[in-house]
Amino acid sequence: MLIAAIDQGTTSTRCILFDHQGQAIATAQEEHRQIYPQPGWVEHDPVEIWTRAQSVFAGALARAGVTPADIAAIGITNQRETTVIWERATGRPIHNAIVWQDTRTAGICAALARDGGQDRYRPRTGLPLATYFSGPKIKWLLDHLPDARRRAQDGELLFGTIDTWLIWNATGQHVTDVTNASRTLLMNLATLDWDEDILRDLDIPRAMLPRIASSAEVYGRTRDGVPVAGDMGDQHAALFGQTCFAPGEAKNTYGTGCFMLMNTGQTPVQSRNGLLTTMGYKIGYARPVYALEGSIAVTGALVQWLRDNLGLIAKSEDVETLARSVEDNGGIYFVPAFSGLYAPYWKDNARGVIVGLTRYVNRGHFARAALEATAYQTREVLDAMNRDIAQAMETGGAGDALQSPIATLRSLKVDGGMVRNELLMQFQADILDVPVIRPRVSETTALGAAYAAGLAVGYWSDIEDLRKNWTADKTWEPRMDDATRNRLYRGWQKAVTRAFDWVE
């Protein structure tokens, strides 16, 4: 028997089949369209995504030479915050999905912030008011589509993030898990339920919201009888797949964006330094595990931009070769604030900048600066995370779980598509001044979803079974001297300020 993981990401959908040792047996992947109706707006076609999910599941089975009867369970992991509303009776979406990167809700967020500030809901949700999250996207759709709010109040319309959309189509159940619910701006971290006051403020009918479940339980079965039994937002799944089960353990995922999560145990740690307090995971009836998160909007997407918009490279992997054609960044910094800045700044009105240009700069410097931008943004998040943990330990706000382990991270587990870029990983270790460790199975997002589903159906007995599967593939040790590291990072911090307040 195998476990199937459907990993529905921002640019593509994959299905990976895993065995009991956590090894990938077969993979199928298909891209979907990126829809840009106007600047700052990003949409996906939900029907296309569901079609891709079915196709890659069938494709992975065919490549492995197995049937649905050989699949013990399906786990789903997904791009978070992306918002779909559809008709309960027909299953037809009433609009394209509004993607997490979309900034059209800036006005809604600003209006809500006028009474209570950007952190108005942070004590309850762990999140600032930002265009990133699903709640304002729901409100935008209900405000702008004819008769949508009445239909939602009457129970005719359903909301879901992509996990809910896939589970509903696969099983007929309207459900989400705590990790995805924690990214809507609508879930109370203490009760793990929808917050009635916030629903009232955003005028969102509770009738359209899914049931909030754990991350590992049987939600329903497909037409072939396969249990759908795991559900985690992609970054939470990567934390789980990296077996960061102890408080203080952290991972960083390098994909379209970049997302660092640190396990803070059974105590939510409120951030004072621009991070998000979020769910880590909840396995069945066990107590929930919380995390601190630093979210970066544009990392791998910047490499795609160099490829698709500027034509500097033919394939994304060519960026490393081009970057190696020069010894350094030539004095330039690339701040990719294409949809504003996320952690630790949360500035919707920032936009991308390239600074330090001279006649000396060439294509190689552009490529190198693009890769370095990922590492610098990760450094900013790690610095904020270390400050949050230290402050929480000083005040007792970290609970017992985080009193002993670490005030600063000693190593960083990494995963995602960009970790095959050796130049980036070495620079990441250098600028962080900690070892960077890549696991043997780098597709840890899908693996985490598989682990959750497998635990739910008894394929794995407990998390110790999962720990035994994790092995390191390569470690990059820092080798940059302190003076160079500090000089480069000061340049980045100066460059970031040039991106602020561009949109009036």
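A cavity here is a set of grid points where a 1.4 Å probe fits but cannot get out. Keep that in mind as you click around, and remember that this is a predicted model.

Start with the second largest cavity, which holds about 50 Å³ of space. To find it, select Ile 296, Ala 297 and Val 298, then add Pro 336, Ala 337, Gly 340, Leu 341, Tyr 342, Ala 343 and Gln 377; these residues line the cavity. Colour them by class and you'll get eight nonpolar, two polar and no charged residues.

Next, hop over to the largest cavity, with about 80 Å³ of space. Its lining has 14 residues, and the ones closest to the centre are Val 441, Leu 447, Asn 469, Trp 470 and Thr 471, so pick those. Now show helix H14, residues 444–457: three residues of the lining come from this helix, the largest share. By class, the lining of the largest cavity splits into five nonpolar, eight polar and one charged. Across the whole structure, there are three cavities of 30 Å³ or more.

Last stop: a pair of helices. Select H1 (residues 46–64) and H6 (residues 162–171), which pack at an angle of about 60 degrees with their axes 11 Å apart. Their crossing is right-handed. Turn on side chains for Pro 46, Val 47, Ile 49, Trp 50 and Ala 53 in H1, and you'll see them meet Ile 162, Trp 165, Leu 166, Asn 169 and Ala 170 in H6. That contact is made up of nine nonpolar, one polar and no charged residues.

Note on methods
Residues are numbered from 1 along each chain as its sequence is written. This is a predicted model: local features need pLDDT of at least 70, side-chain atom pairs count only at pLDDT 80 or more; totals for chains, interfaces and linings use all residues. Side-chain values use heavy atoms; hydrogens and water are left out. On a 1 Å grid over the protein atoms alone, a cavity is a set of points where a 1.4 Å probe fits but cannot get out, and a pocket is an open set with protein on both sides within 12 Å along at least five of seven lines; lining residues have an atom within 4 Å of a point. Grid points are joined across faces, edges and corners, and a volume is the space filled by probe spheres set on the points. Helices (H or I, at least four residues) and strands (E, at least two) are DSSP runs, numbered from the N terminus. Ala, Val, Leu, Ile, Met, Phe, Trp, Tyr, Cys and Pro count as nonpolar, Asp, Glu, Lys and Arg as charged, and the others, Gly among them, as polar. Axes are lines fitted to C-alpha atoms, for helices over the stretch in contact, and angles run from 0 to 180 degrees between N-to-C directions. A crossing is left-handed if the near helix is turned anticlockwise from the far one by less than a right angle, and right-handed if clockwise. Contact means heavy atoms within 4.5 Å.
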